[in-house]
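User: Hi! I'm new to looking at protein models. Could you show me how to read one, feature by feature?

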Amino acid sequence: MAEPKGVTVFYDERVLNHSPDVNAAFLPGRLDKRVRNILSGLNVQWKYPEHPGRIRAIIDLLEREPVDGVRFGQGKAASREQLARVHTTSYLDYVFSLRNKNAWLDVDTTAVSPGSIEAAEVAAGTAVAAVEAVVSGTTRSAFALVRPPGHHAEPVRARGFCLFNNVAVAAAHAQAELGCQRVLIVDWDAHHGNGTQDIFWADPDVLFFDIHRSAPFYPGSGGLHEVGAGLGEGTTVNVPIPGGSGDLAYLKALNEILVPAAEYFKPDIILVSAGFDAHWFDLALNVSYDGFAAMTEVVQALADRVCDGRLAFVLEGGYNTESLAHGVRSVLSVLAGGSAAQPRICGMEEVDEAIAFHLSAFTDDPPGS
Ligand SMILES: [Zn+2]
């Protein structure tokens, strides 16, 4: 087992410079008028949910309520060569041509502001920095606090707030430069990581495990029978679950599918696409802070058993800033050596207490007897 050396949060404030303007013009031919009509027909002003305040909320909480054993490390920008391991040349040319502009890339909720392209390079590079630190042993585990998120970004396309696929760039870097042959990616974001699945669909050396709210929930992919193809058949593992599923469903899937799959696959490193939109405040699923902590405990114990503890987290979604910040803090507390409370079905203990409190009132002699 790796000697405990704490957990390092990798961060670079340039990720805050991605701040899309919802009123920016669509690129030519991108259904501008139609989408604008739809949006103007809604009664509420649509705001871009993936905003810099997400990261600020996490940093603020970690400053207000620091976690013992957590230290900060400096992020960095990814090189074009690192990005090109998972994105095509034409896609990179296209994205880089948008540097310093305001634009919608896609009707599928992805826009850029003048600082966005650099923020996206830094998000991917900071995930790389986290993986480098874990492999070199300067930290026991790492958490890349980045945005824009990455797991919806495909080799040729930005989607769902994502420009570059940060976790995929980090995984490919671990393989190409850091001597890791096999990489396990665990994606517990509420949404399916369609981009990561696409990138490693036929790759037998990347095991992609994804638990998410099932279609038609966005992005609609991630069915049980999507298992990879060619040499990679069997190294894509999807666990679609219905809206409202919570801690116990997540933990059962991790313990009874992920753990045996990983023990069979024997990865050299484990990366986690850590989204916190599975928390109930984001209204899609029903995971609690104790749930995130317990999930971290499972993955950390797994990493200790199969890959010398090498474990790096990369932030994905989570749009309620309160549950996002507290969710990240729950994960860091466990990575730093804290223990997780056993998640329970919400309300059961309280109902048991209430039973004990009230029951005697109705089991003594009935009134009027
Ligand atoms: Zn998500």
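**Reading helices, strands and a buried loop residue**

Analyst: Gladly! Helix α2 (residues 53–64) packs against helix α10 (residues 321–335) at an angle of about 50 degrees, and their axes are 8 Å apart. Because angles between 35 and 65 degrees fall among those called oblique, α2 is oblique to α10. The crossing of the two helices, α2 and α10, is right-handed. Keep in mind that this is a predicted model.

User: Which residues in α2 and α10 meet?

Analyst: On the α2 side they are G53, R54, A57, I58, L61 and L62, and in α10 they are T321, L324, A325, H326, V328 and R329. By type, the residues of this contact divide into seven nonpolar, three polar and two charged.

User: Next, the sheet. In what order do the strands come?

Analyst: To read a sheet, follow the strands from one edge to the other. Here eight strands form an open sheet in the order β2-β1-β5-β10-β9-β6-β7-β8, with parallel pairing. The edge strands, β2 (70–74) and β8 (236–241), each pair on one side only. From one strand to the next, the twist averages 20 degrees.

User: How many bridges pair β1 with β2?

Analyst: Strand β1 (residues 7–11) pairs with β2 in the parallel sense over five bridges. As an example, V7 has V70 in β2 as its bridge partner. Moving on, β1 pairs with β5 over four bridges, again in the parallel sense, and V9 stands opposite F143 in β5. Then β5 and β10 pair in parallel over four bridges, where the partner of F143 is F313 in β10.

User: Which way do the residues of β5 point?

Analyst: S141 and F143 point one way from β5, A142 and A144 point the other way, and all are buried.

User: And which strands does helix α5 lie across?

Analyst: Helix α5 (residues 116–136) lies across β1, β2, β5 (141–144), β9 (269–274) and β10 (311–315), and runs at about 175 degrees to β5.

User: Let's try a loop. Is G193 buried or exposed?

Analyst: To judge burial, count the neighbours: a residue is buried if 20 or more other C-beta atoms lie within 10 Å of its own. G193 has 35 C-beta neighbours inside 10 Å, so G193 counts as buried. G193 lies in the loop between β6 (183–187) and α7 (194–199). Leaving aside neighbours within four places in sequence, G193 is in contact with H151, D187, D210 and S273.

User: How far apart are G193 and I59?

Analyst: In sequence, G193 and I59 are 134 residues apart, and in space they are 25 Å apart, C-alpha to C-alpha.

Terms used
Residues numbered from 1 in each chain as written. Predicted model: local features only at pLDDT ≥ 70, side-chain atom pairs only at ≥ 80, totals over all residues. Axes fitted to C-alpha atoms, helices over the stretch in contact; angles between N-to-C directions. Parallel < 35°, antiparallel > 145°, perpendicular 65-115°, else oblique. Left-handed = near helix turned anticlockwise from the far one by under 90°. Contact = placed C-beta atoms within 7 Å. Nonpolar A, V, L, I, M, F, W, Y, C, P; charged D, E, K, R; others polar. Pairing = 2+ DSSP bridges. Buried ≥ 20, exposed ≤ 12 C-beta atoms within 10 Å, placed from the backbone.
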